[in-house]
Amino acid sequence: MSDSLSHGARRRTFNPAVTDTLWGNERIKRILKAAATTNTLCHAYIFEGAPGSGRHTAALAFALTAACQSDLFPCLACESCRKLREGLSPDFITILPEGDRKTLGVEAVRSIADTVYILPNDLDVKFYLIPDADTMTPQAQNALLKLLEEPPQGVYFFLICESSANLLPTVKSRAPTLKMQKFSDAELEELLTQNDKNAARIKAADPEAFGRSIRLSDGSVGRALQLLDIRKSGSTQALFERAETFLKLYAMSTGSSRADFTAYAMSLSDKRDELSELLSLISAGARDLLAYKYDVSAPPLFFTDKETAAELAGRVTAEKLIAAATCADKARDDLSANANIHVTLTALAARLNK
């Protein structure tokens, strides 16, 4: 289950700077250091966590450690390190679903089998990264299992997933699962203010917006940075206003007023990333309204004006709020699977107009 990282008999020193961009996650850093210093890097790893939790950053750190030939490794400066860091190495291969499919089928995994025994192009090793590995069909996982059981020397597999529970036990038994750290709001606030100048500026200038971004990120560094970056561009307030208008129109969407809601829903955004953020805000807002409706004591994710939220919550049923949150999450998942924006918005409006 492991390959040697040794490049000759010379003495080599592990460079911990390889994980400087991986905030927190001390356990994973210790695992990498131990594997590097004892030449026992596994040929496959499962990186489990939410989007933005550092899964890809961790996988890259492991790849750099395996590929670098310098005495201080990974040196982060040699040609191998440079190509991996810039995404230019043909020996770091990402496996994606065919066409517009949402799941990774057996054909994609078979493409690995077609190339896995071919020697690397410009590195001494080769890597296969499988994003959304937990969407692999059982047939695809069984096909991958054969490769994991007897991989060629110098070939590494990185499986990225939100939940390893969707992977077959036989697959998990052949690759250690490394769970990314989910930060508390306090931990996330400290990490951001210590490591990101933009975050520190926003916290000082607009602590309310900073706190809301922290809560909306659900413990994900990447998600928090994304939200704060939007605020830096000056568009955050506009997004919140559009999401709030969506919820207000939805709350009043009965009979003839459904046409107004449908028209607004269809015009939410024609930009994929922006629409994804709007859907996330809509989902958070609907959950806030549910909490206000039932007087649940929980930090608000979206609404900070309790009077406004309570008034709106009183005008909409719990069933409609649950539907809004669920359907917004579904639409966001569809977008992440590269669904057509117009089709996604049409489906969202149709579900909420039932």
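Guide: A helix axis is a line fitted to C-alpha atoms over the stretch in contact, and angles run from 0 to 180 degrees between N-to-C directions. Keep in mind that this model is predicted.

Visitor: How do H7 and H9 lie to each other: oblique or roughly parallel?

Guide: H7 covers residues 185-195 and H9 covers residues 207-216. Their axes are 10 Å apart, at an angle of about 120°. Angles under 35 degrees count as roughly parallel, over 145 as roughly antiparallel and 65 to 115 as roughly perpendicular; the rest are oblique. Therefore H7 and H9 are oblique.

Visitor: How many charged residues are in the contact of H7 with H9?

Guide: From H7 come Asp185, Leu188, Glu189, Leu192 and Thr193. They meet Phe210, Ile214 and Arg215 of H9. By class, four are nonpolar and one is polar, and the number of charged residues is three.

Visitor: How do H1 and H2 lie to each other: roughly parallel or roughly antiparallel?

Guide: H1 spans residues 26-37, and H2 spans residues 55-67. They pack with axes 11 Å apart, at an angle of about 10°. Under 35 degrees counts as roughly parallel. So the pair is roughly parallel.

Visitor: How many nonpolar residues does the contact of H1 with H2 have?

Guide: H1 brings Ile28, Leu32 and Ala36. H2 answers with Ala61, Phe62 and Thr65. None of these residues is charged and one is polar, while the nonpolar count is five.

Visitor: Which helix gives the most to the largest nonpolar core?

Guide: This core has 40 residues. H11 (236-251), H12 (258-266), H13 (272-293), H14 (306-313), H15 (318-336) and H16 (341-352) each supply at least two of them. With nine residues, the top contributor is H13.

Visitor: Which residues touch the most other members of that core?

Guide: One of them lies in contact with Phe261, Tyr264, Ala265, Leu268, Ile282, Leu348 and Leu352, leaving aside neighbours within four places in sequence; that residue is Phe246. Its partner Leu348 is on that list. The residues with the most contacts to other members are Phe246 and Leu348.

Visitor: How many residues make up the other core?

Guide: The other core lies apart from the one around Phe246. Among its members are Tyr45, Ala58, Ala63 and Leu76. Its residue count is 33.

Visitor: What share of the protein's residues is buried?

Guide: The protein has 16 helices and nine strands. Its C-alpha atoms fill a box of roughly 75 × 45 × 30 Å along the principal axes. Buried means under 20% relative accessible area. Of the 354 residues, the buried share is 46%.

Key. Residues are numbered from 1 along each chain as its sequence is written. This is a predicted model: local features need pLDDT of at least 70, side-chain atom pairs count only at pLDDT 80 or more; totals for chains, interfaces and linings use all residues. Side-chain values use heavy atoms; hydrogens and water are left out. Helices (H or I, at least four residues) and strands (E, at least two) are DSSP runs, numbered from the N terminus. Contact means heavy atoms within 4.5 Å. Ala, Val, Leu, Ile, Met, Phe, Trp, Tyr, Cys and Pro count as nonpolar, Asp, Glu, Lys and Arg as charged, and the others, Gly among them, as polar. A nonpolar core is a set of buried Ala, Val, Leu, Ile, Met, Phe, Trp, Tyr and Cys residues joined through side-chain atoms within 4.5 Å. Buried means under 20% relative accessible area, exposed over 50%, partly exposed in between (1.4 Å probe, protein chains only).
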